[in-house]
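Below is a short briefing on one protein chain. Please keep the sequence and the 3D view open while reading.

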Amino acid sequence: MERDDEWSDETWLVSGGRPHAPGEPLNAPIVPASNFELDGDVLYARTDTTPTWHALETVVGGLEQAQCVSFASGMAAVSSVFALLPTGAHIAVPSDCYQATEGIAAEGEAQGRWTVDRIATADTDGWLAALATADLVWVESPSNPLLEVAELATIAAADRKTGSLFAVDNTFATALLQRPLDLGADLSVQSATKFIGGHSDLLSGVVTTRSLELVERLRRSRTLHGGTPGALESYLAVRGARTMALRVRHAQDTALELARRLDDHDAVAKVRYPGLPTDPNHARAKEQMTGFGSIVSFEVASFQAAHDTVRRTRLIRHATSLGSVESTMEQRAALEGQEEVPPGLIRLSVGLEHVDDLWADLQHALS
Ligand SMILES: *Cc1c(COP(=O)(O)O)cnc(C)c1O
């Protein structure tokens, strides 16, 4: 089904990608087949769109009036973008980048595949300077775990003059709250493992773009490198997308309330949430986002205090991932390779539990 221009995002998320003909099921079925009878449209599940990922790509692409290419994980989506680069390319990535993305940048650098500039997410002048020579500019906004915000439209406007590829990792905001392609990016990437799936029960990744040339190149990369989405995961991701608008909006309301309360708590030294009017990035976030999401970072007094706090909750689970119905939190500096993160920083992914129960849990953990 095509998206009607009048439809809101909520309506599209519920309706997009459904079969629509007499006798058809309302849900795109899971088709657990690698091989198909020849002389039809599909011959092999790594090379051709199967009905299940077609539904996911239709829903996610339609949200941004773009084409979507889906992958086996967020990182399969990320690496397919880096795979577009020629040998000897120059790339710019955030200095506070998602760890595995930084891993790809660093490994290619060590192998001599490309050279890398690392720019702080909020440093607009740094990005503009890097653009002059970069083949790929990769920005994550809001960033993980510091929740820094990049000025996407300003970077995109400069990018149009240089012709470098501009990709945004939009996992934290999702296409519901931020539209990198509308702001001028060439590619928008999301780990569908997070808010699109929303239930911590699948791995999936998506790239959206309005360039048909890039769609073709990403599909070819997926076929050759094999980062093909699974049928069951794609089905679950579509199922997650159906309730995504409700989940994302409810969780961000709770996140704002918790951020306010944390900000007033004596044991909390600092809160980072772009939705707080006092946040240094609030103004620019407001400019380019329609909501501020549900990830909150806050700092307690020391490494030990954070270590203890994340283990003292009952409701909020001590776990790494984010964007699910259940709230999770972790101490980022405890992870290998995250030594630059403030030692007392805790990243909280707010889920759908009642705000007062979450607050009681946090108060107990901070006491
Ligand atoms: C989780 C995540 C990824 C990677 O996604 P996977 O589905 O885990 O492979 C990339 N970028 C960001 C910002 C993420 O949070």
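S70 sits in strand β1 of this predicted model. With a relative accessible area of 0%, S70 falls under the 20% cut-off, so the residue is buried. S70 and S204 are 134 residues apart along the chain, yet 7.4 Å separate their C-alpha atoms. Setting aside residues up to four places away in sequence, S70 touches W53, L56, E57, G205, V206, R222 and P229.

**Other buried residues**

- S188 belongs to strand β6, residues 187–191. Its relative accessibility is 1%, so S188 counts as buried.
- Beyond its neighbours within four places in sequence, S188 contacts E64, V168, N170, P180, L181, V206, V207 and T208. V206 is also among the residues that S70 touches.
- T101 lies in helix α4, which covers residues 99–110. T101 counts as buried because its relative accessibility is 0%.
- Around T101, the residues touched are M75, V78, F82 and W138, leaving out those up to four places away in sequence.
- V248 is placed in helix α10. At 3% relative accessibility, V248 is therefore buried.
- V248 touches L176, L177 and F195, with residues up to four places away in sequence not counted. From V248 to S200 there are 48 residues in sequence and 15 Å in space, C-alpha to C-alpha.

**Two domains**

- The domain assignment splits the protein chain into domain 1 (9–242) and domain 2 (245–366). The contact involves 32 residues of domain 1 and 36 residues of domain 2.
- Taken over C-alpha atoms, the centres of domain 1 and domain 2 are 25 Å apart.

**Helices α9 and α10**

- Helix α9 has 12 residues, 231–242. At 1.5 Å a residue these should span 16 Å, and the end C-alpha atoms are 17 Å apart, so the two values agree.
- The buried residues of α9 are A231, S234, A237, V238, G240, A241 and R242. Their cover includes α1 (9–15), α2 (51–63) and α10 (244–263).
- Which span should the 20 residues of α10 have at 1.5 Å a residue? The expected value is 28 Å, and the end C-alpha atoms are 28 Å apart, which agrees.
- In α10 the buried residues are M244, A245, R247, V248, A251, Q252, T254, A255, L258, A259 and L262.

**Largest pocket**

- The largest pocket has a volume of about 350 Å³. Its lining has 16 residues, and E57, T58, G62, A66 and Q67 are the closest to the centre.
- Which elements each supply at least two residues of this lining? They are α2 and β1 (67–71). The most comes from α2, with five residues.
- By class, the lining of the largest pocket has four nonpolar, seven polar and five charged residues.
- E57 links two topics here: E57 is one of the residues closest to the centre of the largest pocket, and S70 touches E57.

**Second largest pocket**

- The volume of the second largest pocket is about 290 Å³. Among its 15 lining residues, S95, D96, C97, Q338 and E340 lie nearest the centre.
- Domain 1 and domain 2 each give at least three residues to the lining of the second largest pocket.
- The lining of the second largest pocket divides into five nonpolar, five polar and five charged residues.

**Enclosed space**

- Rolling a probe the size of a water molecule over the atoms shows where empty space is left.
- How many cavities of 30 Å³ or more does the count give? There is one cavity of 30 Å³ or more.
- The largest cavity has a volume of about 50 Å³.
- The largest cavity is lined by F195, R247, V248, A251, S294, G323, S324, V350 and L352. By class, this lining has five nonpolar residues, three polar and one charged.
- R247, V248 and A251 of this lining are also among the buried residues of α10. F195, another lining residue of the largest cavity, is touched by V248.

Definitions and conventions
Residues are numbered from 1 along each chain as its sequence is written. This is a predicted model: local features need pLDDT of at least 70, side-chain atom pairs count only at pLDDT 80 or more; totals for chains, interfaces and linings use all residues. Side-chain values use heavy atoms; hydrogens and water are left out. Helices (H or I, at least four residues) and strands (E, at least two) are DSSP runs, numbered from the N terminus. The expected span of a helix is 1.5 Å times one less than its number of residues. Buried means under 20% relative accessible area, exposed over 50%, partly exposed in between (1.4 Å probe, protein chains only). Contact means heavy atoms within 4.5 Å. On a 1 Å grid over the protein atoms alone, a cavity is a set of points where a 1.4 Å probe fits but cannot get out, and a pocket is an open set with protein on both sides within 12 Å along at least five of seven lines; lining residues have an atom within 4 Å of a point. Grid points are joined across faces, edges and corners, and a volume is the space filled by probe spheres set on the points. Ala, Val, Leu, Ile, Met, Phe, Trp, Tyr, Cys and Pro count as nonpolar, Asp, Glu, Lys and Arg as charged, and the others, Gly among them, as polar. Domain bounds come from an automatic or database domain assignment.
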